[in-house]
Amino acid sequence: MTTRELIYLDHPSTSWPKATGVAEAMTAALACAGSPARGAHRGARDAERLLRTARRSAADFFGVAEARNLIFVPGATFGLNFVLKGLLSPGDRVAVFSGEHNAITRPLGALAQHCEVKLRWIGADSEGVIDVEDARRALREAPTRALVCQQASNVTGAVQPICELATLAHEQGALMIVDGAQAAGHLPVQLEALGADVWVCSGHKALRGPGGSGLAWLSPEINVTPLVLGGTGTGERFADLSHPERPDDYETGTAALPAYCGLGAALEALSACDAASYEAERRLICRLIEGLESLDIPTLHLIGPRQPRQRVPLISCYDERIESNQLAFELDQRFNIATRAGRHCAPALYDALGLPATGTLRFGVGPENTTDEIDSAVEALGSLLR
């Protein structure tokens, strides 16, 4: 086993290290002698205050005027299940990008199988960007309840034209549902200007918060049926599902206060950063791409847009001779470099782009990576491939 210091390039999966203040905020939440909305005593009131503060931090970070429209969720997968199952009814038609993560395709597949929801898949170009003209056709072919598209791909890194897609959807009376898991923290997202009706993200990726945290933003005009019912929320014995109270009726049960406070602290830390931090990540991914290209290995293929402003800071690649899982293992064992290999929970995109069934090797940079680390990763991969 190598004794080199860890070079962590698996940020698209889970960020490391976490943002300054996250651990302290989680510890403070654990110290509360109570839970939010669970009593009038001092500890419960303190817990409620911490939760309100975390929600306000999220609202400020994402440009949301009414913080109650931001719902805390355990992660993007839960949040996307919540909104898809709470918005769609039997017989609804959904236009969905073929490059989506399983967090979207699997719940939609279940709805198609069991609730007669109709799916119209939208194609991608060779760089993994949604085919806007195909999206336009899909929306005009038949009445459509929703257009679903990721904001950025976890495979190709491609940033999708969400504002344009939202305009197309609204022109045809459809909702715009966005998976923001790979965009949050890498792109300056202002939700009320984005055009989406629903936007969901996880907290543990580029936002640098803890696992078990995430956000779902619901525009004021839509009504989503709660996925889980039970304690918390207003009303009488039976919940009034036609008019859920935000956020209470959506945050059922005892809140995961440490996780949500940790996310709030991470967003506070990110709020202190300026545009230079986004540019720093962009420079690192440019250096990584240029370094991989300079290896000049004919069997090594890079995936996704080459223009840095058209991608988030990740790059997937594959070699024709060596499976990506083997490369990831060797990078870890011999060089202490953490990457991610596989199909990255997006098998439809792999099929659409003709990528290997064994998957790709993905590098993803974060704000604490350095140019020396990037150069070391390029050198290490080059040594394995040669």
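These legends walk through several close-ups of one predicted model.

Residues are numbered from 1 along each chain as its sequence is written, and side-chain values use heavy atoms, with hydrogens and water left out. Because this is a predicted model, local features need pLDDT of at least 70 and side-chain atom pairs count only at pLDDT 80 or more, while totals for chains, interfaces and linings use all residues.

**Close-up 1. Two cysteines, Cys32 and Cys261, that don't bond.** A disulfide here is a pair of cysteine sulfur atoms within 2.5 Å. Searching the whole structure turns up 0 of them. Take Cys32: its nearest cysteine sulfur belongs to Cys261 and sits 7.2 Å away, which is too far for a bond. Buried means under 20% relative accessible area, exposed means over 50%, and partly exposed is in between (1.4 Å probe, protein chains only). Cys32 is buried at 17%, and Cys261 is buried too, at 7%.

**Close-up 2. Strand 8, tucked inside.** Helices (H or I, at least four residues) and strands (E, at least two) are DSSP runs, numbered from the N terminus. Strand 8 covers residues 214–218, and 5 of its 5 residues are buried, so the rest of the structure largely encloses it. In a regular strand, side chains alternate between the two faces of the sheet. Here both faces are covered: Gly214, Ala216 and Leu218 are buried on one side, Leu215 and Trp217 on the other. Two strands pair if DSSP finds at least two bridges between them. Strand 2 (residues 70–73) runs antiparallel to strand 8 and is joined to it by 4 bridges, with Ile71 opposite Ala216. Strand 7 (residues 198–202) is also antiparallel to strand 8, with 5 bridges, and there Val200 has Ala216 as its bridge partner.

**Close-up 3. An open sheet of 4 strands with helices packed on it.** The strand order is 9-10-13-12, and the pairing is antiparallel. At the edges are strand 9 (300–303) and strand 12 (340–342), each pairing on one side only. On average, neighbouring strands are turned by 25° against each other, direction ignored; axes are lines fitted to C-alpha atoms, for helices over the stretch in contact, and angles run from 0 to 180 degrees between N-to-C directions. Strand 9 and strand 10 (residues 314–319) share 4 bridges, and Ile303 stands opposite Ser316 of strand 10. Contact means heavy atoms within 4.5 Å. Helix 10 (residues 324–335) touches strand 10, strand 12 and strand 13 (360–364), and its direction makes about 45° with that of strand 13. Helix 12 (residues 371–385) touches strand 9, strand 10 and strand 13, this time at about 165° to strand 13.

**Close-up 4. Aromatic rings that pair up.** Rings of Phe, Tyr and Trp (its six-membered ring) pair if their centres lie within 6.5 Å; planes under 30 degrees apart count as stacked, over 60 as edge-to-face and the rest as tilted. That rule gives 5 aromatic pairs. One of them is Tyr8 with Trp16, tilted, at 5.7 Å centre to centre and 55° between the planes. Tyr8 is buried at 14%, while Trp16 is partly exposed at 47%. Phe72 and Tyr260 are stacked, with 4.6 Å between centres and 10° between planes. Phe72 lies in strand 2 and Tyr260 in helix 8 (residues 257–271), so this pair ties together parts 188 residues apart in sequence. Both are buried: Phe72 at 3% and Tyr260 at 7%.
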